[in-house]
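Welcome! Take a moment to look over the structure below, and then we can walk through its sheet, its open spaces and its charged pairs together.

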Amino acid sequence: MSISIKNVSKRFANFTALDDLSLEVPDGALLGLLGPSGSGKTTLLRIIAGLEIADSGTVLHQHEDITHHSARDRNVGFVFQHYALFRHMTVAENIGYGLKVRKKPKDEIHERVAELLQLIRLEGLAARYPAQLSGGQRQRVALARALAARPRVLLLDEPFGALDAKVRQELRQWLRRLHDEIHVTSIFVTHDQEEAFEVADQVVVMNEGRILQVGTPDEVYEHPADPFVFNFLGRVVAFQGRVRRGQLHLGDTVYDVPEHASVSDAGATVYVRPQDIKVSTGPTAVPTLRAVVRDVNRAGPWVYLELERMGDSAIFEIAVPNDHARHLQLQEGSPLHLSLARYTVYLQGASSVQSVQHDGALGRERARGAA
């Protein structure tokens, strides 16, 4: 492993930023720390960098204990969200600054700066000042400066957060290609799940100073460890129901949930991705949830429907592609049938959860009026 975090905790006054956290970062990985504001992502990054010291626990690099090493001795490159470039220095001077501080020979600095300018595709802008660059160009310069001293680990704190959506998209693709070229172990912080999924090899989902799940983007999206991860990773529709002896009751429809066969009666929340809900105006070959449209809100490519479920009058919202909504001629009062292609059930108040994905075609509708 390149980086090993073992039982690290960190408090700021009465706030626990990291709570007995452990993490292994493989050598050469591009790892994304993903979570909401206040989840501990940046604190963890700064502890790895040596900009903060953990209250307890250890930080290892290649099996060497660096917990109390200074930031300079750790040989890490750090890229900040707001560039932190020197305004009075040219692009070339900014990139070479760290090498100059280390008193490297001028020829070596010049050669390394030229190499990095080519790497970040800004060869013709060496003499410009930061104010003469776009936001995306400045962030590339900040990255080149972090790479100049050939760090063992590259750390990026929300590197694209200050940029507009189009530039962020371009830089995400560029960073992924860059990592494939240089293969330096890299860890970046983001609260944008799309960004993490597009760039990272491994995603670490954090909340309240703890790690909830670690895996590839596909693993954490397809098999979320708990309701928080499910909710955080993209849009989700939540249905309230009850589980009784291996059966999930949602309104007038019953689904088999054999992993809960021992549960006599408990409330349950069913999570479904919007793309796994199929909407029709009439019955289908598979079991459906019946609902009626209460409100229609059109927003760009999506139509957001507020629905009332028949059987228990539960209110919930789904999103339907605009073209499909137009085809169905949806309006207030329209009856709908919702089939669930896939869903996951979490028992309310359970001390542990089972993330079992189900096929909605395996359910069955009860006769109307059945208990």
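## Reading the element names

Helices and strands here are DSSP runs, with helices of at least four residues and strands of at least two, numbered from the N terminus. Keep in mind as you read that this is a predicted model.

## The sheet

Let us begin with the strands. Six of them form an open sheet, and following the sheet across gives the order β6-β7-β8-β3-β9-β10, with mixed pairing. The edges are held by β6 and β10 (210-215), each with a single partner strand, so one side of each has no neighbour in the sheet. From one strand to the next, the twist averages 20°.

At the β10 end, you can follow the pairing in detail. Strand β9 (residues 202-207) and β10 run antiparallel and are joined by five bridges. Within this pair, methionine 206 stands opposite isoleucine 211 of β10. Turning to β6, you will find helix α5 lying across both β6 and β7 (153-157), and α5 runs at about 165° to β6.

## The largest pocket

Now for the open spaces. The largest pocket holds about 610 Å³ of space. Its lining is made of 24 residues, and those closest to the pocket's centre are Val76, Gly77, Phe78, Gly98 and Arg102.

Several elements contribute to this lining: α2 (71-74), β6 (76-79), α3 (91-101) and α5 each supply at least two residues. Edge strand β6 is therefore also part of the wall of the largest pocket. By residue type, the lining has 18 nonpolar, three polar and three charged residues.

## The second largest pocket

The second largest pocket has a volume of about 340 Å³. Of the 14 residues lining this pocket, Ala92, Glu93, Gly96, Lys100 and Ile109 are the closest to its centre. Helices α3 and α4 (106-119) each give at least two residues to the lining, and α4 has the largest share, with six residues.

What kinds of residues line the second largest pocket? Seven are nonpolar, two are polar and five are charged.

## A cavity beside α5

Besides the pockets, there are four cavities of 30 Å³ or more. The second largest of the cavities contains about 40 Å³ of space. Around this cavity you will find Val79, Gln139, Arg140, Leu143, Leu156, Pro159, Phe160, Leu171 and Trp174.

Which helix gives the most to the lining of the second largest cavity? That is α5, with three residues. Two helices, α5 (135-147) and α6 (165-182), each supply at least two residues of the lining. The residues of this lining divide into seven nonpolar, one polar and one charged.

## Charged pairs

Side chains of opposite charge can pair when their charged atoms come close. How many salt bridges does the structure hold? There are 21 salt bridges.

One salt bridge to look at is formed by arginine 112 and glutamate 115, whose closest N and O atoms are 2.9 Å apart. Both residues belong to helix α4, where arginine 112 and glutamate 115 are three residues apart, about one turn of the helix. Helix α4 is also the element that gives the largest share of the lining of the second largest pocket.

Definitions and conventions. Residues numbered from 1 in each chain as written. Predicted model: local features only at pLDDT ≥ 70, side-chain atom pairs only at ≥ 80, totals over all residues. Heavy atoms only, no water. 1 Å grid on protein atoms, 1.4 Å probe; cavity = no way out; pocket = protein on both sides within 12 Å on 5 of 7 lines; lining within 4 Å. Points joined across faces, edges and corners; volume = space filled by probe spheres on them. Nonpolar A, V, L, I, M, F, W, Y, C, P; charged D, E, K, R; others polar. Pairing = 2+ DSSP bridges. Axes fitted to C-alpha atoms, helices over the stretch in contact; angles between N-to-C directions. Contact = heavy atoms within 4.5 Å. Salt bridge = Lys/Arg side-chain N within 4 Å of Asp/Glu carboxyl O.
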